[in-house]
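Me: Please take a close look at one position and follow its surroundings outward. Short sentences are fine.

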Amino acid sequence: MELDGRVAVVTGGTRGVGAGIARAFLAAGAKVVVCARRPPDRPVEAAGAAAVFRPVDLRDQAAVHDFFADVAATYGQLDVLVNNAGGTPYRLLGEGEAERHARVVALNLTAPMHASLAAYEYLRASRGSVVMIGSVSGSRPSPGTAAYGAAKAGLQNLAGSMAVEWAPEVRVNTLVLGMVRTELSHLHYGDEAGIAAVGRTVPARRLAEPSEIGDAAVFLASERAAYVSGASLLIHGGGERPAFLDAATANKEN
């Protein structure tokens, strides 16, 4: 198994994309620790193994340092950190106070930096890797989620700098995600009809599944990606079809 004997931490690994990543790591043979503020509704399991849950608020620096020290003491090593925790509600810039937008930046950019710094010495000892979970929102306008998009842009830049500073002991890469179908998709896209309609705007004609994000994360953490660092891997099903193609009256198929 590709990650047999490795120890991986997946932040926000209790549901959605994070749980999909955790299951993929379990299936690849890794021992997986997931963390979040609240425990999962049910254990995160795959291939006859279960992830271990540890509660932690990633915005609390002291708690984050204690968390990684505990993981390293318990397992004797740390090989992979997947910085997945994040997210945002829909909120136009003019409809929220600056402090609320700043909290979004803290969760999606500052917290992954704190986690990476707290994990660095353990990852350095194992010659491990960091996988950042980015978003296409970081490279295009994101009305309604502007602070989130700005944070994800910063996260991708941070990963590139970390890859240079921490080489060759620690590899750092980013998965740049498009839309993923999770249990919270309805909050962003509406009912099943809305989710299907949004999926049809993607060249792949559907949203990604969390398991597909997990498979990509396993690749970046494995020896198959031993020479991959500072990279940003787009997982977006082909991206977004340009709006002008539908608006134009020329070159239409009959």
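Reply: Glycine 214 is part of helix H7. Helices (H or I, at least four residues) and strands (E, at least two) are DSSP runs, numbered from the N terminus. The model is predicted, with local features needing pLDDT of at least 70 and side-chain atom pairs 80 or more, while totals for chains, interfaces and linings use all residues. Residues are numbered from 1 along each chain as its sequence is written, and side-chain values use heavy atoms, without hydrogens or water.

Is glycine 214 buried or exposed? Glycine 214 is buried, because its relative accessibility is 0%. Buried means under 20% relative accessible area, exposed over 50%, and partly exposed in between (1.4 Å probe, protein chains only).

Which residues does glycine 214 contact, beyond neighbours within four places in sequence? They are Gly20, Ile21 and Ala24. Contact means heavy atoms within 4.5 Å. Phenylalanine 25 is 189 residues away along the chain, yet its C-alpha lies 7.2 Å from that of glycine 214.

Now take helix H1 (16–27). Ten of its twelve residues are buried. Among them are Gly16, Gly18, Gly20, Ile21, Ala24 and Phe25. The helix spans 17 Å from first to last C-alpha, close to the 16 Å expected. That expectation is 1.5 Å times one less than the number of residues. Just after H1, glycine 29 has a positive phi of about 100°.

Isoleucine 21 ties several parts together. Setting aside neighbours within four places, it contacts Val10, Val82, Asn84, Ile133, Pro210, Ile213, Gly214 and Ala217.

Isoleucine 21 also ranks among the residues with the most contacts inside the largest nonpolar core, as do Phe25, Val32, Val82, Leu175, Leu177 and Ile213. Such a core is a set of buried Ala, Val, Leu, Ile, Met, Phe, Trp, Tyr and Cys residues joined through side-chain atoms within 4.5 Å. This one has 32 residues. Two or more come from each of strand E1 (7–11), H1, strand E2 (31–36), E6, E7, strand E8 (171–177) and H7 (210–221). The largest share, seven residues, is from H1. A second, separate core has 29 residues, including Val33, Cys35, Met132 and Leu155.

The strands come next. Seven form an open sheet with parallel pairing, in the order E5-E2-E1-E6-E7-E8-E9. Two strands pair if DSSP finds at least two bridges between them. At the edges, strand E5 (52–55) and strand E9 (232–235) each pair on one side only. Four bridges join E6 (80–83) to E7 (129–135). In that pair, valine 80 faces serine 129.

Within E1 sits threonine 11. Threonine 11 is buried, at a relative accessible area of 1%. A polar atom of its side chain lies 2.9 Å from the backbone nitrogen of asparagine 84. The side chain also reaches the backbone nitrogen of alanine 85 at 3.0 Å. Beyond residues up to four places away in sequence, threonine 11 touches Cys35, Leu58, Leu81, Val82, Asn83, Asn84 and Ala85.

One loop leads back to H7. Arginine 205 lies between helix H6 (192–199) and H7. Arginine 205 is not a glycine, yet its phi is positive, at about 70°. Its relative accessible area is 54%, so arginine 205 counts as exposed. Another backbone feature precedes E8: proline 168 lies in the loop between helix H4 (146–165) and that strand. The peptide bond from alanine 167 to proline 168 is cis, with omega near 0°.

Definitions and conventions:
A polar contact is a pair of N or O atoms within 3.5 Å; within protein, one must be able to donate a hydrogen and the other to accept it, and residues adjacent in sequence count only if both atoms are side-chain atoms.
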